Amino acid sequence: MDIGKLFRLDGRVALVTGGSRGIGRMIAAGFVAQGARVYVSSRKADACAETATELGENCIALPQDVSTVDGCRALAAALAEREERLDILVNNAGAAWGVAFEDFPEAGWDKVMDLNVKSPFFLTQALHPLLKAGASAHRPAKVINITSVDGLRLNPWETYSYHASKSALIYLTKRLAARLIRDGINVTSIAPGAFASEMNRAARDHGEAVAKAIPARRIGTDEDMAGTAIYLASRAGDYVVGETIAVDGGLVHAALGGSIDG
């Protein structure tokens with residue numbers, strides 16, 4: 001057993017949506033460090049270009065809005081013009097919406113459910129040929145959905161569509177895993193807890209206060225997120241199928257009380 005290569009991604013091709021910032025960027029940086037060629041995509045072209053420049057020559061900007069089915073198909077077509085296969089897809093692009101029950105709008109439901117549930121499905125569908133081309137009997141292709149601890153437990157905020165979407169994506173992960181395993185594609189998910197990001201401003205701006213409710217007594221770091229994604233994407237995670245890993249400092253499975261935004 002060559003432990004030195006167990007977590008390497010040399011020669012692998014990856015696509016990370018929402019890859020220009022936050023959790024997506026953490027994952028992209030980890031993949032690049034392990035030897036992968038990584039395409040980062042988001043709707044903001046400038047942000048993608050900036051991230052690609054910062055992460056080096058093995059990171060390529062491929063901006064696209066994936067909030068619609070047409071956008072998902074356009075991203076798949078753009079990648080197919082550059083690559084003959086895709087080894088790793090990270091469905092990370094997402095949105096949240098918090099409004100009181102009495103005032104929660106239809107727009108806050110549709111935007112979140114479309115981007116957080118519909119888009120991962122249709123992007124995976126559109127990239128299916130490239131993922132199959134990247135899969136083999138001894139090396140499966142990987143799809144990693146970024147879900148949330150809020151798909152596993154409640155937070156104290158009125159984020160109705162976000163909770164529903166992340167729970168749905170966890171079960172969509174299982175359903176996709178059951179179908180795509182026959183094509184040599186492993187589907188899993190990561191459910192982050194408190195990581196500093198634009199979406200989780202509480203952790204970003206009030207990390208010390210948020211940490212008090214976490215059994216590990218800290219918020220997540222770039223290394224925590226990158227390490228889990230590398231594990232699932234690499235040979236080390238080849239026998240993990242349909243699973244959701246909570247990366248949350250024990251919030252879901254070791255907390256005795258209290259809650260934070262995930």
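**Exercise 1. Determine how S4 and S5 pair in this predicted model, and over how many bridges.**

Solution. Strands S4 and S5 pair in the parallel sense, and the pairing extends over 4 bridges. One residue pair illustrates the register: Val90 has Ile144 as its bridge partner in S5. On the side of S1, Val16 stands opposite Val90 in S4. Strand S1 (residues 13–17) runs parallel to strand S4 (residues 88–91), and 3 bridges join them.

**Exercise 2. Place S5 in the sheet and state whether its residues are buried or exposed.**

Solution. The open sheet has 7 strands in the order S3-S2-S1-S4-S5-S6-S7, with parallel pairing. The edges are occupied by strand S3 (59–61) and strand S7 (244–247); each has a single partner strand, so one side of each lacks a neighbour in the sheet. On average, neighbouring strands of this sheet are turned by 20 degrees against each other, direction ignored.

Next, consider the pairing of S5 with S6. These strands run parallel and are joined by 6 bridges, and Ala141 stands opposite Ile185 in S6.

Finally, consider burial, for which the cut-off is under 20% relative accessible area. Of the 6 residues of S5, 6 are buried. Ala141, Val143 and Asn145 lie on one side and Lys142, Ile144 and Ile146 on the other, so both faces are covered by this criterion.

**Exercise 3. Identify the strands that helix H6 touches, and give its direction relative to S6.**

Solution. Helix H6 (residues 160–180) packs on the sheet and touches S5, strand S6 (185–192) and S7. The direction of H6 makes about 165 degrees with that of S6.

**Exercise 4. Describe how H1 and H9 cross, and which residues make the contact.**

Solution. The axes of helix H1 (residues 22–33) and helix H9 (residues 222–233) come within 8 Å and cross at roughly 60 degrees. H1 is therefore oblique to H9. The crossing is right-handed.

H1 contributes Ile23, Met26, Ile27, Gly30 and Phe31 to the contact, while H9 contributes Asp222, Met225, Ala226, Ala229, Ile230 and Ala233. Sorted by class, the contact has 9 nonpolar, 1 polar and 1 charged residues.

**Exercise 5. Locate Ser136, classify its accessibility, and relate its position to Ala33.**

Solution. Ser136 lies in the loop between helix H5 (128–134) and strand S5 (141–146). Its relative accessibility is 28%, and Ser136 therefore counts as partly exposed. Ser136 and Ala33 are 103 residues apart in sequence, and their C-alpha atoms are 24 Å apart in space.

How values were computed. Residues numbered from 1 in each chain as written. Predicted model: local features only at pLDDT ≥ 70, side-chain atom pairs only at ≥ 80, totals over all residues. Heavy atoms only, no water. Axes fitted to C-alpha atoms, helices over the stretch in contact; angles between N-to-C directions. Helix = DSSP H or I, 4+ residues; strand = E, 2+ residues; numbered from the N terminus. Parallel < 35°, antiparallel > 145°, perpendicular 65-115°, else oblique. Left-handed = near helix turned anticlockwise from the far one by under 90°. Contact = heavy atoms within 4.5 Å. Nonpolar A, V, L, I, M, F, W, Y, C, P; charged D, E, K, R; others polar. Buried < 20%, exposed > 50% of the residue type's maximum accessible area, 1.4 Å probe, protein only. Pairing = 2+ DSSP bridges.
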